Amino acid sequence: MMQTVINNYTTKPEPPVCTGSLNLRNLQYSLAMIFAIEEINNSTELLPGIKLGYQIYDTCASVTVAADVAFQLLNGQDSVLYKDSHCSQSGAVMAVVGDSGSTPTISMSRIIGPFNIPLVSHFATCACLSDKQQYPTFFRTVPSDQFQADALAKLVKHFGWTWIGAVRSDSDYGNYGMASFLAAAQREGICVEYSESFYRTDPLRKIQRVADVICRSSATVVVAFTAAGEMKVLLEELARDPPPPRQWVGSEGWIIETYLMSFSFCAGAIGVGLQQSVIPGLREFLLDLSPTKAAASPVLTEFWEDAFNCKLEKNAFPNKRMCDGTEDIRKLKNPYTDTSQLRPTNMVYKAVYAIAHAITSAICQLTNASIQCDNLNKIKLSQVLPELKKVNFTRNGYPVSFDANGDPVAFYELVNWQKSESGAIELVTVGYYDASLPKGQEFHFNRNITWVESGTDVPVSVCAVKCPPGTHKVLQKGKPICCYDCIPCPEGEISNTTNSPDCFPCPSESWPNAQRDACFPKPVEFLSYDEVLAIILAAFSVSGACLAIITAAIFFHHRTTPIVRANNSELSFLLLFSLTLCFLCSLTFIGAPSDWSCMLRHTAFGITFVLCISCVLGKTVVVLMAFKATLPGSNVMKWFGPPQQRMTVVFFTFVQLLICTVWLLLSPPSPMKNLSTYKEKIILECALGSAVGFWAVLGYIGLLAVFCFVLAVLARKLPDNFNEAKLITFSMLIFCAVWLTFIPAYVSSPGKFTVAVEIFAILASSFGLILCIFAPKCFIILFQPEKNSKKYLMNKNQL
């Protein structure tokens with residue numbers, strides 16, 4: 001940390017002073033740089049005969065100090081934290097390694113960039129630094145946060161979390177990183193309930209407010225794009241009260257820090273971290289430290305005295321004991337001595353080697369299988385920068401190269417905080433993310449993941465549950481797109497996918513199932529012989545035909561009797577024949593409609609009924625003419641004898657036959673699928689073809705029936721000797737009543753009941769005719785034969 005100084009602008013300000021404890025992780029990075037430089041100086045492949053020097057400055061994670069350091073580098077000042085003892089003079093700075101933070105790195109890069117001095121960072125991940133317009137000399141061996149943000153968004157999407165919370169460091173690292181993450185999350189269809197920022201030096205009330213937001217939120221997954229320092233402050237605040245279970249998803253800034261794993265409620269955290277690495281010889285180099293070596297450097301002196309709680313100088317700390325040389329650095333367990341991971345540390349190591357390769361390419365040539373290098377003092381800054389852009393090598397199995405933005409290929413390990421058998425939390429690598437792989441194949445998991453509260457099932461974090469098939473999403477007003485209600489599909493529509501935004505209608509001949517997630521063919525409905533109604537109607541039809549045939553047989557057998565002879569036996573037999581056809585034609589209305597059945601059912605019905613009514617009309621006219629013939633001086637019967645009766649029947653029937661023929665030629669009835677009466681089923685019926693033809697057929701039948709009814713009414717009061725008129729009157733009254741009620745019933749009846757109504761009208765009118773006209777006569781013939789005599793018929797009404 002940097003001590004705040006208020007300048008009065010009257011005297012030269014004092015250099016900034018760092019306060020606070022020593023960052024042991026950054027100390028390890030510094031020693032790793034020294035280790036790499038010493039390896040290079042002892043190498044025969046890189047810069048043979050040339051020794052690299054170094055100077056180490058402490059930026060205190062401060063923009064002000066970082067700017068001051070940058071000016072020191074440019075001016076050649078020597079107020080350094082750690083210096084190469086072999087460096088005899090302050091030569092030109094070829095390149096800079098650092099800083100660990102994005103914000104100080106931005107400050108330094110803006111200052112040294114115009115001087116073409118390369119700045120290679122090992123841990124500054126802000127995506128903003130990839131802008132070559134603003135930072136033309138910046139490179140890094142750590143992937144950009146743009147790749148990390150994409151990886152985190154895809155990781156969240158991979159586990160089905162669509163409702164998350166987000167916290168970030170209020171710094172360039174956190175703000176730029178979270179902005180990239182939110183953009184990537186939006187592309188993946190992820191909604192963010194809240195996004196909070198804070199910094200480790202913020203007032204406690206602000207940290208408490210962020211903690212309260214996390215605890216009160218409904219999102220169970222929290223993505224933290226923070227540095228380790230901010231995360232430590234936040235977790236300390238959350239630890240004051242047992243926080244609700246939260247699944248933490250972490251950036252590489254804190255997820256790999258082992259000292260944060262003391263917060264047990266974070267067990268199950270998952271995130272992306274830099275690749276775990278091995279640097280041969282580094283651990284021995286770090287542990288090769290004695291009190292004498294530590295005393296040679298102020299920073300190592302501070303490290304030694306803090307680690308062993310003793311002092312190296314006699315007058316330094318009166319209350320501390322003197323270090324006696326028994327201190328064993330190998331027994332220390334702290335971030336400096338921890339070489340089990342070496343994630344960012346390897347980035348420092350690669351950064352040093354990248355610079356060395358660039359300098360080698362700038363001043364060395366391969367001649368006769370040996371490398372010849374010019375004097376390092378002759379090198380120009382303009383030579384190193386272009387060569388650094390082209391470096392491409394592998395060190396310890398780890399590739400090093402830069403793209404056009406100065407970024408390396410993004411490769412992350414997927415790490416998980418898992419509880420061991422002892423109860424301690426361990427950092428376990430469960431897979432990796434390789435941005436160079438094709439889309440959709442970047443992730444690879446090779447171990448089981450432990451989730452929050454040591455669960456084995458992936459936690460759920462959604463604003464709304466997934467809408468099952470058969471429903472569709474309707475967004476909640478004023479809420480993000482991840483918050484919605486699941487509404488059942490309307491009638492006739494389905495959705496066959498989860499979380500369907502819309503329902504779509506089934507094809508015209510299909511209908512949804514009860515769950516409304518699939519379309520099935522609509523059932524086809526028609527009056528089938530398998531149905532009870534059709535069987536009953538067919539039975540009545542056949543029975544009626546049999547009744548007509550039996551009646552005809554009775555009349556034929558008693559054709560010589562007075563009652564048969566008195567009732568115009570020729571027309572009676574023709575009427576019984578037509579009634580038989582009327583009964584049988586109703587059978588054509590049962591069964592699946594076809595081209596022939598549709599044409600036959602209407603024309604056969606029309607012609608047979610006209611034949612039937614013509615016969616009744618003929619009998620009525622005969623009754624009237626017979627009465628007129630009994631009057632004195634009347635010879636009317638010679639004008640309506642049997643030939644005229646036959647011609648009348650033929651003429652009236654021929655007219656109906658002509659109407660039916662024209663109808664069939666111009667626009668005949670045909671089978672059709674009625675999709676409009678019922679939405680959920682298909683009515684298989686006969687289309688009329690020409691409605692005019694259909695109503696012409698019915699109208700003609702009605703006209704004859706009314707005419708016959710009028711004549712029968714006129715003859716109803718004739719003497720009982722001619723009581724045929726009364727029977728005809730009753731039969732035509734029933735006939736007309738049936739067909740008058742048929743029309744509204746036919747129009748209003750749906751589906752197969754339309755056909756049933758038509759059959760019922762045919763049967764009812766046919767039964768009415770045969771029962772009213774022939775039943776009384778058959779009763780006399782069969783059961784009262786004494787009345788079947790000429791005398792009885794002639795004297796019936798004589799009192």
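Colleague: Two strands pair if DSSP finds at least two bridges between them, so how many bridges are there between strand 6 and strand 8?

Modeller: There are 5 bridges, and strand 6 and strand 8 pair in the parallel sense. Helices (H or I, at least four residues) and strands (E, at least two) are DSSP runs, numbered from the N terminus. Please bear in mind that this is a predicted model, in which local features need pLDDT of at least 70 and side-chain atom pairs count only at pLDDT 80 or more, while totals for chains, interfaces and linings use all residues. Residues are numbered from 1 along each chain as its sequence is written, and side-chain values use heavy atoms, without hydrogens and water.

Colleague: Which residue is the bridge partner of Ile 164 in strand 8?

Modeller: The partner of Ile 164 in strand 8 is Val 221. Strand 6 also pairs with strand 7, again in the parallel sense, over 7 bridges, and there Arg 168 stands opposite Ser 197 of strand 7.

Colleague: Is strand 6 buried or exposed?

Modeller: Buried (under 20% relative accessible area with a 1.4 Å probe, protein chains only; over 50% is exposed and in between is partly exposed) applies to 7 of the 7 residues of strand 6, so the strand is largely enclosed by the rest of the structure. Trp 163, Gly 165, Val 167 and Ser 169 point one way from strand 6, whereas Ile 164, Ala 166 and Arg 168 point the other way, and all of these are buried.

Colleague: What is the strand order in the sheet that holds strand 6?

Modeller: The sheet is open, with 8 strands in the order 7-6-8-9-10-17-18-19 and mixed pairing. Its edge strands are strand 7 (191-198) and strand 19 (443-445), each of which pairs on one side only. Neighbouring strands of this sheet are turned by 25 degrees against each other on average, with direction ignored.

Colleague: And how does strand 19 run against strand 18, parallel or antiparallel?

Modeller: Strand 18 (residues 425-434) and strand 19 run antiparallel and are joined by 3 bridges, with Gly 431 standing opposite Phe 445 of strand 19.

Colleague: Which strands does helix 6 lie across?

Modeller: Helix 6 (residues 204-216) lies across strand 6 (163-169), strand 7, strand 8 (221-225) and strand 9 (247-250), and runs at about 165 degrees to strand 7. Angles run from 0 to 180 degrees between N-to-C directions of axes fitted to C-alpha atoms, for helices over the stretch in contact, and contact means heavy atoms within 4.5 Å. Helix 7 (residues 228-238) also packs on the sheet, where it touches strand 6, strand 7, strand 8 and strand 9, and its direction makes about 170 degrees with that of strand 9.

Colleague: Changing topic, what is the order of the 3-strand sheet?

Modeller: That open sheet has the order 3-4-5, with parallel pairing. Strand 3 and strand 5 (138-140) stand at its edges with a single partner strand each, so one side of each has no neighbour in the sheet. Strand 4 (residues 119-121) runs parallel to strand 5 and is joined to it by 3 bridges, and Ser 121 has Arg 140 as its bridge partner in strand 5.

Colleague: What packs around there?

Modeller: Helix 3 lies across strand 3, strand 4 and strand 5, at about 165 degrees to strand 4. The buried residues of helix 2 pack against strand 3 (96-97) and helix 3 (102-112); among them are Val 65, Val 69 and Leu 73.

Colleague: Last one: how many residues of helix 20 are buried?

Modeller: In helix 20, 23 of the 32 residues are buried, so this helix is largely enclosed by the rest of the structure.

How values were computed:
Pairing = 2+ DSSP bridges.
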